[in-house]
Amino acid sequence: MAALTASGIGVGFAGLTALEDIHLTVSPGEVLGLIGPNGAGKTTLTNVLTGFARHTGTVTVDGRDVTGWSPQKLSRFGIRRTFQNVRLFGGMTVAENLDAAALGAGLRRAAARRCTRALLDRFDLGPHSEVEATSLPYGLERRLGIARALVGEPRYVVLDEPAAGLNEEESNELLVRLRAVPEQYGCGLVVIEHDMRLIMRLCDRLHVIDHGRTLATGAPAEIRVDPLVIEAYLGSGAVSHG
Ligand SMILES: Nc1ncnc2c1ncn2[C@@H]1O[C@H](COP(=O)(O)OP(=O)(O)OP(=O)(O)O)[C@@H](O)[C@H]1O
Ligand SMILES: [Mg+2]
């Protein structure tokens, strides 16, 4: 089956259960929102899906068991991520950051160049291509972080709080860009966000976790009115704009 799946996932940190019996699926072309309160385990689950965390349970990609694969091997297989805090390569320009990511994903030099040019274009980063990446304004830095996760032909991309720190205009712009990604790249997207305005408009389906366990899954319209979700999360500060 074409999907990224996590089954029976558990993660513990020295006595703390960070995740327990999580089952998550995202299909190609689907945008899945992964939401929940601070400390719920969203980043930990991202780490599981992308090879950064030891865990129990199984991860499969398009029918292949990839449990225990390294982040690098998973990246080459098309599983990509961004980090909650942008981690750009310092001392490199914007274009060099994309080149390095493309080479790291296994593309040859000429293909990496073509990929970089296409992403510079698609993410309107062309005018900044020769700028040192870490000296970009914050919004552009985050945009480059997302572009970098899309090098090559990713199967699934996990974005950990892509809108954090963006103003409303930047967040709207991000929504339009992300909405186009599954179609343009044929990949599945998992988006972690506390920006409910973005999440409710962007996602086809939501997966809510709380205290390391699945609280609910369903369409945004269902989740928005789910009493359990409202009590655990939406009622407590995360704003759900109609
Ligand atoms: N390396 C670690 N060592 C010990 N505990 C950790 C570690 N990483 C995460 N935790 C704990 O695991 C739980 C889940 O954390 P996680 O970062 O996955 O939450 P989150 O849902 O991403 O939260 P936020 O919305 O604040 O980013 C928290 O209780 C956190 O303190
Ligand atoms: Mg997190």
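Which residues of helix α3 (residues 94-104) are buried? In this predicted model, the buried positions of helix α3 are V94, A95, N97, L98, D99, A101 and A102. The cover over these buried residues of α3 includes two further helices, α4 (109-122) and α5 (138-149). After α3 comes G106, a residue with a positive phi, near 100 degrees.

Beyond this helix, the model contains an open sheet of 4 strands, arranged in the order β2-β1-β4-β5 with antiparallel pairing. Because β2 (16-26) and β5 stand at the edges and each has a single partner strand, one side of each is left without a neighbour in the sheet. Helix α1 (residues 42-49) packs on this sheet, where it touches β1, β2 and β4, and the direction of α1 makes about 120 degrees with that of β1.

Within the sheet, strand β1 (residues 4-13) is joined to strand β4 (residues 56-61) in the antiparallel sense through 5 bridges, and G10 is found opposite T56 of β4. Strand β4 in turn runs antiparallel to strand β5 (residues 64-65), the two being connected by 2 bridges, and here T60 has D65 of β5 as its bridge partner. Strands β4 and β5 form a hairpin with 2 residues between the strands, and in this hairpin D62 adopts a positive phi near 50 degrees.

Strand β2 and helix α1, both already described in connection with the sheet, also contribute to the surroundings of ligand 1, each supplying at least two residues of the shell. The greatest contribution to this shell comes from α1, which provides 3 residues. The residues surrounding ligand 1 are F13, L16, A18, G36, N38, G39, A40, G41, K42, T43, T44 and Q84. By character, the shell around ligand 1 comprises 4 nonpolar, 7 polar and 1 charged residues.

As regards the interior, it is a general tendency that nonpolar side chains are buried together in soluble globular proteins. In the present model, the largest nonpolar core consists of 66 residues, and V151, L189 and V191 are those with the most contacts inside it. For L189, when neighbours within four places in sequence are left aside, the residues in contact are V31, L32, V157, L159, L178, V181 and P182.

Notes
Residues are numbered from 1 along each chain as its sequence is written. Chains are lettered from A and ligands numbered from 1 in the order in which they are written. This is a predicted model: local features need pLDDT of at least 70, side-chain atom pairs count only at pLDDT 80 or more; totals for chains, interfaces and linings use all residues. Two strands pair if DSSP finds at least two bridges between them. A nonpolar core is a set of buried Ala, Val, Leu, Ile, Met, Phe, Trp, Tyr and Cys residues joined through C-beta atoms within 7 Å. A residue is buried if 20 or more other C-beta atoms lie within 10 Å of its own, exposed if 12 or fewer, and partly exposed in between; C-beta atoms are placed from the backbone. Two residues are in contact if their C-beta atoms, placed from the backbone, lie within 7 Å. Axes are lines fitted to C-alpha atoms, for helices over the stretch in contact, and angles run from 0 to 180 degrees between N-to-C directions. A residue is near a molecule or strand if its C-beta atom, placed from the backbone, lies within 6 Å of it. Ala, Val, Leu, Ile, Met, Phe, Trp, Tyr, Cys and Pro count as nonpolar, Asp, Glu, Lys and Arg as charged, and the others, Gly among them, as polar.
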